[in-house]
Amino acid sequence: MTEPGRSARAGVPERPTLDGIEDTWARRWQDDGTYAFDRTKTRADVYSIDTPPPTVSGELHMGHVFSYTHTDTVARFQRMRGRTVFYPMGWDDNGLPTERRVQNVYGVRCDPTLPYDPQWQPPAAPVDDAARKNPTPISRRNFVELCGTLTVVDEQAFEALWRRLGLSVDWSLTYTTIGRAARVASQRAFLRNLARGEAYQAEAPTLWDVGFATAVAQAELEDRERPGAYHRLRFAGPDGREVLIDTTRPELLPACVALVCHPDDERYAGLVGAVVRTPVFGVAVPVRAHPLADPAKGTGVAMVCTFGDLTDVTWWRELQLDTRVVIGRDGRLLPEPPAGVPAGPYAALAGQTVAGARRAVVGLLADAGDLVGEPRPVVHPVKFYEKGDRPLEIVSTRQWYLRNGGRDAGLRAELLARGGELRWVPGHMRSRYEHWVGGLTGDWLVSRQRFFGVPVPVWYRLDDTGEPDFAHPLTPDESALPVDPSGEPPPGYDESLRGLPGGFVGDPDVLDTWATSSLTPQIVGGWETDPDLFGRVFPMDLRPQGQEIIRTWLFATVARAHAEHGVLPWRDAVLSGWILDPDRKKMAKSKGNVVTPMALLEQYGSDAVRYWAASGRPGMDLAFDPAQIRVGRRLATKLLNASRFALGLGAADALRAPAMQPLDTAMLAELSGVVATATSAFDAYDHTAALQATESFFWRFCDDYIELVKERAYGTGPGADSARAALATALSVQLRLFAPVLPFVTEEVWSWWRYGSVHRAPWPTTYEVDRAIGGTADAGLLRLASDALGQVRRAKSERKLSMKAEVPLAEALGPADLLDRLTLVADDVRAAGRIGRLDLLPGRTPELVIACAV
């Protein structure tokens, strides 16, 4: 490995170009270890970043480029500030998205009852639609291996794109959420949660995704507007009274366990406590009162079923109602009716899909005369798993939960307090955290009925009848982790006893992907496996992430660190906005409006794409705009060419020499202010403000300052020396100011005349710039000279003359004190404007006016 500080200077090329510099510098940075984390530094010298691991289930899109570029600017800035930056990259490769991708790519499905086939080979990918519709069943182990194979391919493509984008991560720290370190940390944390009573198992109503065949947590829900219809049903009340209810789910009529109305609804006050009978089935159900019933919705009385939605669950639990489950895990109505429901009418529903059962029940209601009027169409919100494509059902299942404050007021208060300790950027994002924590209605469901994930690390004894003892799970020693209970016996048991009375059975489930991702600081920081590293990086400095996963990733990570370590997992959280399409709609793969970045990176260059990304502040949405990318390309090109010009004037040999001339010191004084502004902005995670301040100055530096001093810089003597010294300092400082956003072009230019990497160079300071100023400086002189030159240019343009045209005579009019200051830079203005004579006429106008005789 080459020592970064001694890399040779390349010299200024004859024809500098942006083409190909990404490949050149990506290789050089890797070979030189430019971004390697230094484990010898103390915690005070470390800046550690808990990088979000992107889901490896498809392609990266511009939203990823947007947010990861923001994080990279922070890493580069902190590195230049003298911190050793702990900046890992992770791949979130376990869970449902990966399984779905494997199923679609290879046309397979997992069947845990099948034996492992070591000779099995996957079909050539991708397969056709017929293979996807009739997938080949394979064993769990074969399926998991196939998931692992595909994620490796995807991860290589992701890494190539990130390297092309110029992310300054230390690739030796890369981790995956299904890798050994992640499995060990995830299982260790779960076992400790279990030992402390924070993890528990319960049989309860569960949100269930029929398509994925797994339980879903509250944090993974989203409402989607779907068409439906209100059906008005007639229940038979006491003394012949009819009770009408409106429902969008008539198929749940056999699951009805009560009717409920609001306690203050006088229309039904006489019915509360009475019994009514369901239409078609004739089942007696009570009428109860509950404040969640909405008198203004429908008829004001609602049908409580087990279970149609989350409100049903609340009513069932709080009113202690019976349970009549009719929908199974496959999304079809169970073959047998629940207790107390007659089998005759139910037979028409048994085994039907939800839609089929709905049609059948509506027919039965119509035949019985208990369907009042016609169904009324409605569009209403329906609960979906955020990655699913079928409405969720609620079924009763046994699952593992972690306590998260949803049912514990004390823990809820502690987690809210943690949110108050965290620095939020932007600050208003804190309210989203507080809203989520304050609105939790239950604990975190962390088990999933899937395959490619971290196994729940427990087994269960089987009694003499073969029934599992769920109350006393068998657990491994931490030293044995990771374990897979589906293929390994528990301590003290032989594999031959699996599934036999008196033997054992492994828990078949895996942990929710968030149960592993919520431990990313611990996984990459070496928790319990590398105490020295963990002490240097944890708690971490920064968590960058999307605003939409505050409720999942951010909250879950806070909850896990609070339970295990009693601290926040990081000091600052920076939340990114969304990328919008031209119609101002959020880009999302599910909407089909995403733009993939590789073609743009190849067409315009990585610096140009990064420039576009850096134009959006944390928490603010940004429209995808190729025009802005083209602006970034123009900026990178100008930086290349302006640097070549300045170095061609001999600036490289004048570095650290003082600038003495008024225009030169004025430029440096203004640059000192830019350094202060950019530094403060980066400290506040406002990369956009830093870029704007730097870019604004840079264009004035190129268009005005260089033009004003180039004639002087071409010459000899003190004036020329001063110009070259100012150019050298300005170029060195501006390259470093741009470096976090434009890493490739700044590194390219730096290599022409400086040793080492610009990304290992110290961040510029106002002291450094001020030290290059010889004598006093009037920061406003550059703007004054620019104004004067601009008026000369405008006069030539209006007369359609070349900018090189001579101006025999120009008159400067304005206040006396202003013209006195103009005399300090008059020689440079005359040279740049090709003015033969410049007369100063004080007192004629209230502001500067340059009148040109051309």
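**Group meeting: a pocket, a cavity and three helices**

So, let's start with the second largest pocket: by class, its lining has 22 nonpolar, 12 polar and 14 charged residues. Keep in mind that this is a predicted model.

How many residues line that pocket? There are 48 in the lining of the second largest pocket, and nearest its centre you'll find Thr 248, Arg 249, Gly 308, Asp 309 and His 380. The space inside comes to about 1400 Å³. If you want to find the walls on screen, look for the elements that give two or more residues each: strands β9 (221–236), β10 (242–247), β14 (301–305), β15 (376–385) and β16 (393–402), plus helices α7 (310–318) and α9 (354–368). Of the lining, β9 provides the largest share, with seven residues.

Okay, on to the enclosed spaces. The count comes to five cavities of 30 Å³ or more. In the largest cavity there's about 110 Å³ of space. Its lining is 16 residues, and Gly 95, Leu 96, Arg 448, Asp 512 and Thr 513 are the ones nearest the centre. Helix α3 (96–106), strand β22 (510–511) and helix α12 (513–517) each put in at least two lining residues, with α3 giving the most, at three. By class, the lining of this cavity splits into seven nonpolar, three polar and six charged residues.

Now for the helices, and α20 is the one to watch. Helix α18, residues 626–648, packs with α20, residues 687–714, at about 25 degrees, and their axes are 11 Å apart. That angle makes α18 roughly parallel to α20, because it falls under 35 degrees. The crossing of α18 with α20 is left-handed. On the α18 side, the contact includes Val 631, Leu 635 and Phe 645, and on the α20 side, Phe 698, Trp 699 and Tyr 714 are among the residues they meet. By class, the residues of this contact are 10 nonpolar, no polar and five charged.

What about α20 and α21? Here α20 and α21, residues 718–738, pack at about 160 degrees, again with axes 11 Å apart. That's over 145 degrees, so α20 counts as roughly antiparallel to α21. This crossing is left-handed. Residues in the contact include Leu 691, Phe 697 and Phe 701 from α20, and Ala 723, Leu 727 and Phe 738 from α21. The class split for α20 with α21 is 15 nonpolar, four polar and three charged.

One last thing to look at on α20: Phe 698 is in the contact with α18, and Phe 698 is also in the contact with α21.

Note on methods
Residues are numbered from 1 along each chain as its sequence is written. This is a predicted model: local features need pLDDT of at least 70, side-chain atom pairs count only at pLDDT 80 or more; totals for chains, interfaces and linings use all residues. Side-chain values use heavy atoms; hydrogens and water are left out. On a 1 Å grid over the protein atoms alone, a cavity is a set of points where a 1.4 Å probe fits but cannot get out, and a pocket is an open set with protein on both sides within 12 Å along at least five of seven lines; lining residues have an atom within 4 Å of a point. Grid points are joined across faces, edges and corners, and a volume is the space filled by probe spheres set on the points. Helices (H or I, at least four residues) and strands (E, at least two) are DSSP runs, numbered from the N terminus. Ala, Val, Leu, Ile, Met, Phe, Trp, Tyr, Cys and Pro count as nonpolar, Asp, Glu, Lys and Arg as charged, and the others, Gly among them, as polar. Axes are lines fitted to C-alpha atoms, for helices over the stretch in contact, and angles run from 0 to 180 degrees between N-to-C directions. Angles under 35 degrees count as roughly parallel, over 145 as roughly antiparallel, 65 to 115 as roughly perpendicular and the rest as oblique. A crossing is left-handed if the near helix is turned anticlockwise from the far one by less than a right angle, and right-handed if clockwise. Contact means heavy atoms within 4.5 Å.
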